[in-house]
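Here's a quick briefing to read alongside the sequence and the 3D view. Have a look at the fold before going through the points below.

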Amino acid sequence: MCSTTIRKKDGSYYIEAAHIKPKHQKGRESPDNIILLCPNHHKEFDFGEVEIKNHDLIQIDFLLNGKAHSLSLKIE
Ligand SMILES: [Zn+2]
């Protein structure tokens, strides 16, 4: 979403996995329900106003606090 990366001491990168449909609403632990976000956008996604426009197995289009985003759900 913003291409922020956090490099760790061991050279790997830290990223957070956000559930599109939260686990407490029976959201699944499958790739089509998970997006990878930086910590700031993860919290904005969890606490902000999310309006999902389109969500299928390969892509999600949504508004987050009024700003449009489009993310691929394919595992690369
Ligand atoms: Zn971000």
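**Briefing: a hairpin pair and its surroundings**

Let's start inside a hairpin: Leu63 has Ala68 of β7 as its bridge partner. Keep in mind that this is a predicted model. The strands around that bridge get most of the attention here, with the overall chain and two backbone oddities after that.

**The β6–β7 hairpin**

- β6 and β7 run antiparallel, and six bridges hold the pairing together on paper.
- Two residues sit between the strands of this hairpin, and Asn65 has a positive phi near 50° there.

**The β5–β6 hairpin**

- On the other side of the story, β5 (residues 50–55) pairs with β6 (residues 59–64) in the antiparallel sense, over five bridges.
- Three residues make up the connection in the hairpin that takes β5 into β6.
- Which residues of β6 are the bridge partners of Val50, Ile52 and Asn54? Val50 goes with Leu64, Ile52 with Phe62, and Asn54 with Asp61.
- Is β5 mostly tucked away or out in the open? None of its six residues counts as buried, so β5 lies largely in the open.

**The sheet as a whole**

- Put the strands together and you get an open sheet of three strands, ordered β5-β6-β7, with antiparallel pairing.
- β5 and β7 (67–72) are the edge strands, and each has a single partner strand, so one side of each has no neighbour in the sheet.
- From one strand to the next, the twist averages 20°.

**The chain overall**

- There are seven strands and one helix in the protein chain.
- In sequence order, the pattern reads β-β-β-β-α-β-β-β.
- How does the chain's radius of gyration sit against the globule rule, and what is the value? The radius of gyration is 13 Å, close to the 11 Å that the rule gives for 76 residues, so the chain is as compact as a globular protein of that length.
- The C-alpha trace spans about 35 × 25 × 25 Å along its principal axes.
- Buried residues come to 4% of the 76 in the chain.
- Take the contacts with a separation of 6 or more: 27% of them are between residues 24 or more positions apart.

**Two positive phi values**

- As background, most residues other than glycine have a negative phi.
- Ser3 isn't a glycine, yet its phi is positive, at about 60°.
- Where is Ser3 found? Ser3 lies in the segment before β1 (6–7).
- Ser3 counts as exposed because it has 5 C-beta neighbours inside 10 Å, and the cut-off for exposed is 12 or fewer.
- Asn65 is another residue other than glycine with a positive phi, near 50°.
- This asparagine, Asn65, belongs to the loop between β6 and β7.
- Is Asn65 buried or exposed? Asn65 is exposed, because 11 other C-beta atoms lie within 10 Å of its own.

**To sum up**

- β6 pairs with β5 over five bridges and with β7 over six, in a sheet ordered β5-β6-β7.
- The turn to remember is the one holding Asn65, which has two residues between the strands.

How values were computed. Residues numbered from 1 in each chain as written. Predicted model: local features only at pLDDT ≥ 70, side-chain atom pairs only at ≥ 80, totals over all residues. Buried ≥ 20, exposed ≤ 12 C-beta atoms within 10 Å, placed from the backbone. Helix = DSSP H or I, 4+ residues; strand = E, 2+ residues; numbered from the N terminus. Pairing = 2+ DSSP bridges. Axes fitted to C-alpha atoms, helices over the stretch in contact; angles between N-to-C directions. Rg over C-alpha atoms; globule rule 2.2 N^0.38 Å. Contact = placed C-beta atoms within 7 Å.
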